[in-house]
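Here is a set of exercises to work through with the model open in your viewer. Try each task before you read its solution.

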Amino acid sequence: AHLDRIAAVDAAVGAFLDVDAERALADADAADAARRSGEEVAELAGVPVAVKDLFVTRGQATTAASRMLEGWIPPYDATAVANLRAARTPILGKTNLDEFAMGGSTEHSAFKRTANPWDLERIPGGSSGGSAAAVGSYQAPLALGTDTGGSIRQPAAVTGTVGVKPTYGTVSRYGVIAMASSLDTPGPMARTVLDTALLHDVIASYDPLDSTSLADAPRGMAQVVRQAQAGRDLTGLRVGVIAELDGGPGYHDGVVSSFHAALELLSSAGASVETVSLPHLEYALDAYYLIMPAEASSNLARYDGVRYGLRVEPASGPVTAETVMAATRGAGFGDEVKRRIILGTHVLSAGYYDAYYGSALKVRTLIQRDFAAAWQGFDVLVSPTAPVTAYRFGEKDDPLAMYKLDVTTIPANLAGVPGMSLPSGLSDDGLPVGFQILAPQRADDRLYRVGAVLEA
Ligand code: GLN
């Protein structure tokens with residue numbers, strides 16, 4: 001049914017870069033056969049998943065939406081993908097994204113444009129925009145995304161779907177093409193909190209192949225959701241509304257009023273709702289846009305025209321390692337990626353390292369301390385997921401204008417804490433609004449508990 005839906009609507013939506021219908025059908029049949037033969041199979045066995053094209057998939061092209069990796073067929077699976085295969089969830093296809101996950105609109109893909117299912121002239125968010133659009137247009141019930149600065153939560157918000165950035169280290173980064181390693185967090189996307197939890201439980205695993213994988217990450221999120229759905233009670237829960245992210249210049253009125261209506265629902269379920277200040281969030285964007293490019297510039301140094309991927313020889317002059325690298329990287333990377341590599345190498349350079357990169361790391365510590373202080377008085381923190389609803393293609397051509405919209409999602413990545421975005425209804429422009437819930441590290445269960453009650 002999902003393959004039929006893809007055939008019917010993806011020409012208009014553009015969520016997928018590659019669909020392997022034959023393999024998906026064979027895997028679905030195998031899951032069916034296993035279930036019928038009495039084999040003990042996972043709850044999600046046979047339920048198909050769309051996978052952001054940043055996860056490497058054995059035998060299926062993986063591009064990171066970049067010319068640099070066009071035509072590359074990985075010889076192995078990312079651990080999260082291996083976990084899907086072990087649970088017998090067929091992979092429908094690979095979804096579009098901003099090149100190397102750099103962006104918030106999926107307009108920076110080297111290959112195609114992905115539309116928002118709510119309005120085909122608008123962006124689906126990004127960088128996991130293909131996954132969000134696939135789920136939002138019923139082409140897939142479940143999808144994998146990655147969140148370095150909001151790339152799961154923000155596309156979920158603007159497509160009216162649910163997305164979770166788990167605690168950093170919960171889902172393995174092994175086989176997820178690296179953007180900024182200290183921030184990159186793979187996670188689940190779906191249309192309901194329960195579906196998101198079920199996928200969370202499949203992809204979360206301790207992985208010795210990822211040196212930052214947590215051995216004791218929380219599990220059993222689906223159980224948490226089912227319990228919360230049965231009780232629908234948040235008595236005693238202390239909810240902190242982040243003062244710095246509660247509206248102001250740059251926020252749509254309809255987003256803020258939807259957010260406040262959801263706060264009423266929390267109160268009526270028994271939670272106490274108070275405002276809390278995290279004063280250093282004022283500097284979160286600046287810190288992120290120094291740390292992220294610094295790490296990305298280092299990670300992307302591997303695309304040298306030699307080891308794998310694109311190779312371009314210089315049009316004239318000698319063929320040396322340097323000239324091949326320059327020609328390859330000049331042709332293979334898009335503008336946004338080049339912008340960030342240049343910024344990253346600049347802030348890491350000998351003369352500027354302390355002033356920029358060093359300062360940004362100090363700010364990151366101050367933000368982590370703000371969160372630690374807030375957890376003394378609150379169980380969860382909340383804000384709108386994004387300050388605005390889905391904008392029209394081309395509306396944020398100025399890179400800074402796009403970066404500024406990440407103000408609401410970036411703090412969680414700098415602090416390594418888990419976050420969920422779930423729909424809180426429509427704005428006055430008729431477009432979906434996302435409600436963001438944040439919890440302390442390893443307390444992902446609180447996101448699911450609060451999300452399940454809010455959704456009900
Ligand atoms: N929009 C943010 C950026 O452009 C976040 C990207 C991400 O989370 N991958 O960096």
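Keep in mind that this is a predicted model.

**Exercise 1. Which residue of strand 6 stands opposite Val162, and how is strand 5 paired on its two sides?**

Step 1. Start at Val162: opposite this residue, in strand 6, stands Ala190.

Step 2. Now take the whole pairing. Strand 5 and strand 6 are antiparallel and share two bridges.

Step 3. Turn to strand 10 (residues 419-426), which is antiparallel to strand 5 and joined to it by three bridges. One pair to look up is Val164 with its bridge partner Met420 in strand 10.

Step 4. Check the side-chain directions along strand 5. Val162 and Val164 point one way, Gly163 and Lys165 point the other way, and all are buried.

Step 5. Go back to Ala190 and look across to strand 4, where Leu142 stands opposite Ala190. Strand 4 (residues 142-147) and strand 6 (residues 185-190) run antiparallel, with six bridges between them.

**Exercise 2. Place these strands in the whole sheet: what is the strand order, and which strands are at the edges?**

Step 1. Trace the order across the sheet: 1-3-2-4-6-5-10-11-9-7-8. That makes an open sheet of eleven strands with mixed pairing.

Step 2. Find the ends. Strand 1 (16-19) and strand 8 (272-276) are the edge strands, each paired on one side only.

Step 3. Add the twist, which averages 30° from one strand to the next.

Step 4. See the mixed pairing at strand 3. Strand 1 pairs with strand 3 in the antiparallel sense over three bridges, while strand 2 pairs with strand 3 in the parallel sense over four bridges. For landmarks, Val19 has Gly93 of strand 3 as its bridge partner, and Lys52 stands opposite Thr95 of strand 3.

Step 5. Ask how covered strand 3 is: five of its five residues are buried.

Step 6. Finish with the helix that lies across strands 7, 8 and 9, namely helix 12 (residues 353-377). Helix 12 runs at about 145° to strand 7.

**Exercise 3. Is Ser182 buried or partly exposed, and how does Ala439 compare on the same test?**

Step 1. Locate Ser182 in the loop between strand 5 (162-165) and strand 6.

Step 2. Apply the cut-off: a residue is buried with 20 or more other C-beta atoms within 10 Å, and exposed with 12 or fewer. Ser182 has 16 such atoms, so this residue is partly exposed.

Step 3. Look for a partner far away in sequence. Asn413 is 231 residues from Ser182 along the chain, yet their C-alpha atoms are separated by 8.5 Å.

Step 4. Now take Ala439, in the loop between strand 11 (432-438) and helix 15 (444-455). Ala439 has 24 C-beta neighbours inside 10 Å, so this residue counts as buried.

Step 5. List what Ala439 touches beyond four places in sequence: Val380, Val417, Pro418, Asp444, Arg446 and Leu447. Pro166 is 273 residues away in sequence, with a C-alpha to C-alpha separation of 9.8 Å from Ala439.

**Exercise 4. Where is the backbone unusual, at Ala64, Arg88 and the Gly126 to Ser127 bond?**

Step 1. Recall the background: most residues other than glycine have a negative phi, and most peptide bonds are trans.

Step 2. Check Ala64, whose phi is near 55°. Ala64 sits in the loop between strand 2 (49-52) and helix 3 (79-86), and is buried because 31 C-beta neighbours lie inside 10 Å.

Step 3. Check Arg88, with phi near 60°, in the loop between helix 3 and strand 3. Arg88 has 21 other C-beta atoms within 10 Å, so this residue is buried too.

Step 4. Move on to the peptide bond from Gly126 to Ser127, which is cis with omega near 10°. Ser127 belongs to the loop between strand 3 (91-95) and helix 4 (129-136).

**Exercise 5. Which residues have the most contacts inside the largest nonpolar core, and which come nearest to the ligand?**

Step 1. The largest nonpolar core has 131 residues, and Val49 and Val225 have the most contacts inside it. Helix 9 (residues 284-299) gives the most to this core, nine residues.

Step 2. Zoom in on Val225. Its contacts beyond four places in sequence are Val193, Leu194, Ala197, Tyr448 and Ala452.

Step 3. For the ligand, 13 residues surround it, and Ala101, Gly104, Thr148, Gly149 and Ser151 come nearest. Sorted by class, this shell has four nonpolar, seven polar and two charged residues.

Terms used
Residues numbered from 1 in each chain as written. Predicted model: local features only at pLDDT ≥ 70, side-chain atom pairs only at ≥ 80, totals over all residues. Pairing = 2+ DSSP bridges. Axes fitted to C-alpha atoms, helices over the stretch in contact; angles between N-to-C directions. Contact = placed C-beta atoms within 7 Å. Near = placed C-beta within 6 Å. Nonpolar A, V, L, I, M, F, W, Y, C, P; charged D, E, K, R; others polar. Core = buried A, V, L, I, M, F, W, Y, C linked by C-beta atoms within 7 Å.
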